[in-house]
Amino acid sequence: MIDNLIYERKNGFSDIDEKKKERIFDFCEEYRLAITKAKTEREFCSMGIQLLEEAGFEVLDGKKALQPGDRVYYVNRGKGLCAFVVGTEPITSGVNIVGAHIDSPRLDLKPQPLYEDNGIAFLKTHYYGGIRKYQWYNIPLSLHGVVVKKDGTAIDISIGENDEDPIFCITDLLPHLASKYGTMKVSEAFDAEKLNVIVGNIVCSEAEKEKVKYGVLKLLNEKYGICEADFMSSELELVPAFAARDLGFDRSMISGYGHDDRVCAYTALRAITSTGKPSKTAVCLLVDKEEIGSMGNTGMQSRNFENVLAKVCSLCMGSYNELMLRECLSNSACLSADVGAAYDPNFPEVYERNNSPYLNEGLLLTKYTGARGKSGSSDASAEFVARIRNIFEENGILWQSGELGKTDIGGGGTIAQFVANLDVDTIDCGVALLGMHSPNEVAGKFDIYMAYKGYKAFMNS
Ligand code: MN
Ligand code: MN
């Protein structure tokens, strides 16, 4: 028999001892608490800053020079983070980036959300990212975000996370009256303009009309000092109000909201905070707006990362010319840390068995994403895949290869293409999920731990 002649799949839990299992479960418990606490890009950014500062990272602004081993971070408008551990090699020899996104699919409030209809006050929503709308009915929702008054005062809002808080919900039709909807197309039965959230039902006697809406506004004014027009300068997001929980008799999985992509963002953060003095500068890049195409100045298509890297280059080199930044980027490597779709035995018709990732079978490498004939994919080179594969195998990281479902069934994209466009060798590498983009996604604990270990090994390569 020739060793390793045949590639064989393996469940990560198949040959580990109790001690290692305990390490995995302990790490995942910290992750579970983190994603229960930080549900939006702004909240995750704040939590990230805290983790970084506890690990000795300092703000980049105001630094006069950077030396090997220095730990700095930059915050992009409260919705993105970029952390660096300066390496011993010159920065022009390239950096090792682990890039993830911290926005997740959700329901945003419309700029003028509040209205009253037949004695019930509602908030109108505009969904953000790719959702199956019916999944957002009849679940407890919490409201998170910020209202900025015209004088610039920002009021943070989080309602629905504490047990004593009220929650919100979108009611669905009772089965007794839903027969017509049962035979309709799902896309027609669940109209985006019906994603209206119930928020109040008490009439306020001092109002002349729309007495319930008035009552809600009065409460908001008393508690937060805001008026109806302030909604127009707010970012308020409805997300599932429940906590992430262990899943299964054996607790081998975690179900919860927004593993996509906080499972990669959190593990990337933990990887960089446990990185000492690498040879190449290690970078943890957390961006916003991936779910809507990486647009805008907090998304990966922004020049923000180049601007920050230019600054780090100049502080490392003691001088600056544009060539340093260009050289640095050309020599850099990136793991686009994002989730994939794990094979779901209940829906075998959309997966290709040989090229799907499986739950708890290790960190997922996805050579290309995109749709149809790889449209919209950066398609990592064989040379780069080999390099990453070698790093993982040298460091005992169980990994697997997989793409997103059958060819021509659907598709998707990540930040990989935008990082690759900067002339950086890039490959998608993350955790495979069940129920991706639903309010309650499922991730395997072994995979979560492998993401942490894999990102750390890459940052130190
Ligand atoms: Mn994602
Ligand atoms: Mn996504």
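**Exercise 1. Determine whether Asp260 and Glu291 are buried or exposed.**

Solution. Start with the cut-offs: buried means under 20% relative accessible area, exposed over 50%, and partly exposed in between, with a 1.4 Å probe and protein chains only. By that rule Asp260 and Glu291 are both buried. For Asp260 the relative accessible area is 3%.

Two notes on the basis of these values. This is a predicted model, where local features need pLDDT of at least 70, side-chain atom pairs count only at pLDDT 80 or more, and totals for chains, interfaces and linings use all residues. Residues are numbered from 1 along each chain as its sequence is written, chains are lettered from A and ligands numbered from 1 in the order in which they are written, and side-chain values use heavy atoms, with hydrogens and water left out.

**Exercise 2. List the protein donors of the manganese ion (ligand 2) and place them along the chain.**

Solution. Step one: apply the donor rule. Donors are N, O and S atoms within 2.8 Å of the metal (3.2 Å for Na, K and Ca); water is not among the atoms, so sites may look incomplete. Step two: read off the donors. They are Asp260 (OD), Glu291 (OE), Glu291 (OE) and His437 (NE2), at 2.0 to 2.6 Å. Step three: write the spacing, which is D-x30-E-x145-H.

Step four: locate two of the donors. Helices (H or I, at least four residues) and strands (E, at least two) are DSSP runs, numbered from the N terminus. Asp260 belongs to helix α6, and Glu291 to the loop between β13 (281–287) and α7 (304–317), so the pair ties together parts 31 residues apart in sequence.

**Exercise 3. Find which residue coordinates both manganese ions.**

Solution. Take the manganese ion (ligand 1). Its donors are His101 (NE2), Asp260 (OD), Asp338 (OD) and Asp338 (OD), at 2.1 to 2.6 Å. Their spacing is H-x158-D-x77-D. Asp260 bridges the manganese ion (ligand 2) and the manganese ion (ligand 1), and the two ions lie 3.3 Å apart. Now compare positions: Asp260 is in helix α6, while Asp338 is in the loop between β14 (333–336) and β15, 78 residues away. Asp338 is buried, at 8% relative accessibility.

**Exercise 4. Say how many aromatic pairs there are, and classify two of them.**

Solution. The rule first: rings of Phe, Tyr and Trp (its six-membered ring) pair if their centres lie within 6.5 Å; planes under 30 degrees apart count as stacked, over 60 as edge-to-face and the rest as tilted. The count is 13 aromatic pairs.

- Trp136 and Tyr257 are edge-to-face, at 6.3 Å centre to centre and 85° between the planes. Trp136 lies in the loop between β6 (120–128) and β7 (141–148), Tyr257 in the loop between β12 (253–256) and α6 (259–273), and 121 residues separate them. Trp136 and Tyr257 are buried.
- Tyr343 and Tyr351 have ring centres 5.4 Å apart and planes at 55°, so this pair is tilted. Tyr343 is buried at 9% relative accessible area, and Tyr351 is buried at 13%.

One aromatic cluster is formed by Phe27, Tyr31, Tyr266, Tyr449 and Tyr452.

**Exercise 5. Describe the largest pocket and the largest cavity.**

Solution. On a 1 Å grid over the protein atoms alone, a cavity is a set of points where a 1.4 Å probe fits but cannot get out; a pocket is an open set with protein on both sides within 12 Å along at least five of seven lines; lining residues have an atom within 4 Å of a point. Grid points are joined across faces, edges and corners, and a volume is the space filled by probe spheres set on the points.

Pocket: the largest holds about 1100 Å³. It has 41 lining residues, with Ala341, Tyr351, Leu404, Met436 and His437 nearest its centre. β20 gives the largest share of the lining, three residues.

Cavity: there are two of 30 Å³ or more. The largest has a volume of about 90 Å³. Among its 15 lining residues, Asn76, Leu285, Val287, Asn304 and Phe305 are closest to the centre. β2 (71–76), β3 (80–85), β13 and α7 each supply at least two lining residues.

**Exercise 6. Count the disulfides, and explain why Cys316 is not bonded to Cys313.**

Solution. A disulfide is a pair of cysteine sulfur atoms within 2.5 Å. The structure has zero disulfides. The closest cysteine sulfur to that of Cys316 is in Cys313, 6.9 Å away, which is too far for a bond.
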